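Let's take a friendly walk through this protein, one region at a time. Keep the structure open beside you as you read.

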Amino acid sequence: MSNENQSFKSEFLNILSERGFIHQATDMEALDQKMSEGSITAYVGYDMTAPSIHVGNLVSVMMLHWLQKCGHNPIVLLGGGTTRIGDPSGRDETRQMLTDEKIAENMASIRSIFEQFLTFGDNPSDAKLVNNDDWLSTFKYIDFLREIGTHFTINRMLTFDSVKLRLDREQPLTFLEFNYMIMQAYDFMELSKTHGCSLQMGGSDQWGNIVNGIELGRRVNGDQLYGLTTPLITTADGKKMGKSVNGAIWLNEAMLSSYDYWQFWRNTHDGDVGRFLRLYTDLPMDEIRRLEALEGAEINDAKIALANAATAMCRGADAAKTAESTARETFIKGGAGDDLPTFKMDLNASVNIIDAFVEAGLGKSKGEVRRLMKQGGLKLNDTKIETENLVLSSNMLNDGKIKLSAGKKRHALIISE
C-alpha cells in the first residue's frame, strides 16, 4: 500500500511519506503511535557480497539517515553470516559462494560508507554496526532446527516470492538458500532481544523475510515487531535503479570515482529529477519543489543541484565541488579536469585506440567502441577519431595526459606507465 501524502503523528513517517519512501508496513497505525511516543531502534541488513554497496541500496541507507535525524536509533546489520548462504530474493540463480576471508575484506570496505550517512558512537542516539555472524556462527545445527525450525512450515515458505518466482521459472533453489529466510528472521528476533530493536526496514523484495522475523519474534518471545518497505525504484525509462551502461554505481570511492558518481546524478532523466531529489538528498522540501518546477534548459540547474547534494552526502562536500568544477572545465571549456578517471598505459607498447577505450571503461566491448566511432562519437584530446588503426603514443600527451571521450558525457585520462 502506498502512503504518500498521508498524515502521521510521527515526524519520521511524515518525512518518509512526503518523500516517497513508503511501500508497505505491517501495522502502520501502531508503528506510527510507537514512534510518536519516543525513540525506537530500527535496522536494515546488508550482505557482504562485494566490497561496496551500490545506488540500488541507497534508499534504505537514506531511511536510516532520516531515522537518526528524527531522534531514533539506527542499526546497520552487516551480514557476515548470511552472506555465506546468499539471499535468493529477486535472483534467478545461486549466488557465488565467497570465502570467509573475502567476506571479511568486503565488510571492512563497506563499513566506511555508512559513516558518510550516519553518526556512530557510544551515545544512546548513535548508530551501531552489528555483524550477524556473531550469533549465526555459534549455532549447532540440531539445536537450531529444534528451537527455530519448528516455527516455519514448508507450505508457508513456498508462498513467498523469493522462493515461488525461482521455482516458477524452473531455476534451481538450493537447500542452503532455502534457509536464508530463517536466518534473517532470527536476526530480527536477536536484535530485538539484545538491542531492543522493534522495526526492520528494507526494499519491497524483503517483505516476506521481514514478515517471517516479525512472526518468529512474536511466537518465541511475545515481541511486538514491525516492518516497513520501500518501493522498487526504477528510472523513467524503466531500468532498475543503480545500473548504468558500465555496470553498478558503487558508493565506495575505490570502486567508482567521485567524478563518475557525480556524473551519474547529473545525467538523471528529466522525469526523475524531483523524485530523486526527494529520495537521495536531504535538501529541504521547499527547495526541492522550486528545483523540480524548473523547465527547459533550467532543468539542468536542478540536475546539478541533485548531483552536488547526492555526491556531498556520499563522498563529502569537497568531492562534490571538485566534480562539478571538473565537469564544467571538461564540458564548457573543453579541458581535461584533474578529477576525471585516470588509467596508466604503456605508450611504448603499441596500444590500439579501440583497446584503450575498452580498458578505460568507455565501452563494454571492441564492437561497441567501433560502432560509436562510426557514429562520430569517439574523440582523442577533443579531436574526432576517424580510424580504428590509431595507436596511442607519447607524442599524443597533452600536459602529461591523453584525454579519451566517448560521446559527450564519458571521459577518461591516460597517463604513461
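## Helix 2 and its surroundings

The buried residues of helix 2 pack against helix 1 (11-19), strand 1 (24-25), helix 3 (58-69), strand 5 (197-203) and strand 6 (226-230). Please keep in mind throughout that this is a predicted model.

Which residues of helix 2 are buried? Within this helix, which spans residues 28-37, they are Met28, Leu31, Asp32 and Met35. These four cover an arc of only 100° around the axis, which puts them on the same side of helix 2. As a general point, an α-helix has 3.6 residues a turn, so residues three or four places apart point the same way. On the face turned away from the buried side of helix 2 you will find the exposed residues Glu29 and Glu37.

## The nonpolar cores

The largest nonpolar core has 75 residues, and the members that touch the most others are Phe12, Leu228 and Trp265. What does Phe12 contact, leaving aside its neighbours within four places in sequence? The partners are Met35, Met63, Trp66, Leu67, Cys70, His72, Met201 and Leu228. Met35 may look familiar, as it is one of the buried residues of helix 2.

There is also a second, separate core, made of 28 residues. Its members include Ile85, Met157, Phe160 and Met181.

## A five-strand sheet

Next, have a look at the open sheet of five strands, whose order is 9-13-12-10-11 and whose pairing is mixed. Strand 9 (342-345) and strand 11 (383-384) stand at the edges with a single partner strand each, so one side of each is left without a neighbour in the sheet. In general, strands of a sheet pair through backbone hydrogen bonds, either parallel or antiparallel.

How do strand 9 and strand 13 run, parallel or antiparallel? They are parallel, and four bridges join strand 9 to strand 13, which covers residues 410-416. If you would like a specific pair to find on screen, Thr342 has Leu413 in strand 13 as its bridge partner.

Following the chain on from strand 9, the loop that leads to helix 17 (353-359) contains Ser350. This residue has a positive phi, near 55°, although it is not a glycine. Ser350 is exposed, its relative accessible area being 56%.

## Helix 18 across the sheet

Helix 18 (residues 366-374) lies across strand 10 (378-380), strand 12 (402-406) and strand 13, and it runs at about 85° to strand 10. Its buried residues are Val369, Leu372 and Met373. Viewed down the axis of helix 18, they fall within an arc of 100°, so they line one face of the helix. Their cover includes helix 17, strand 10, strand 12 and strand 13.

The face of helix 18 turned away from the buried side carries Arg371 and Lys374, both exposed. Just after helix 18 comes Gly376, with a positive phi of about 80°.

## Salt bridges

The model contains 17 salt bridges. In one of them, the side chains of Arg156 and Glu215 meet at 3.0 Å, N to O. Arg156 belongs to helix 7 (residues 154-157) and Glu215 to helix 11 (residues 207-221), so the pair ties together parts that are 59 residues apart in sequence. Is each partner buried or exposed? Arg156 is partly exposed, with a relative accessible area of 33%, whereas Glu215 counts as buried at 16%.

Helix 18 takes part in salt bridges too. Lys366 pairs with Asp355, with the closest N and O atoms 3.1 Å apart. That links helix 18, which holds Lys366, to helix 17, which holds Asp355, across 11 residues. Both count as partly exposed, Lys366 at 41% relative accessibility and Asp355 at 29%.

Another bridge joins the side chains of Glu388 and Arg370 (3.1 Å, N to O). Glu388 sits in the loop between strand 11 and strand 12 while Arg370 is in helix 18, so parts that are 18 residues apart in sequence are tied together. Glu388 is partly exposed at 27% relative accessibility, and Arg370 is partly exposed at 30%. Elsewhere, Glu18, Asp286 and Arg289 form one network through salt bridges that share partners.

Note on methods. Residues numbered from 1 in each chain as written. Predicted model: local features only at pLDDT ≥ 70, side-chain atom pairs only at ≥ 80, totals over all residues. Heavy atoms only, no water. Pairing = 2+ DSSP bridges. Helix = DSSP H or I, 4+ residues; strand = E, 2+ residues; numbered from the N terminus. Contact = heavy atoms within 4.5 Å. Axes fitted to C-alpha atoms, helices over the stretch in contact; angles between N-to-C directions. Buried < 20%, exposed > 50% of the residue type's maximum accessible area, 1.4 Å probe, protein only. Arc of directions from axis to C-beta. Salt bridge = Lys/Arg side-chain N within 4 Å of Asp/Glu carboxyl O. Core = buried A, V, L, I, M, F, W, Y, C linked by side-chain atoms within 4.5 Å.
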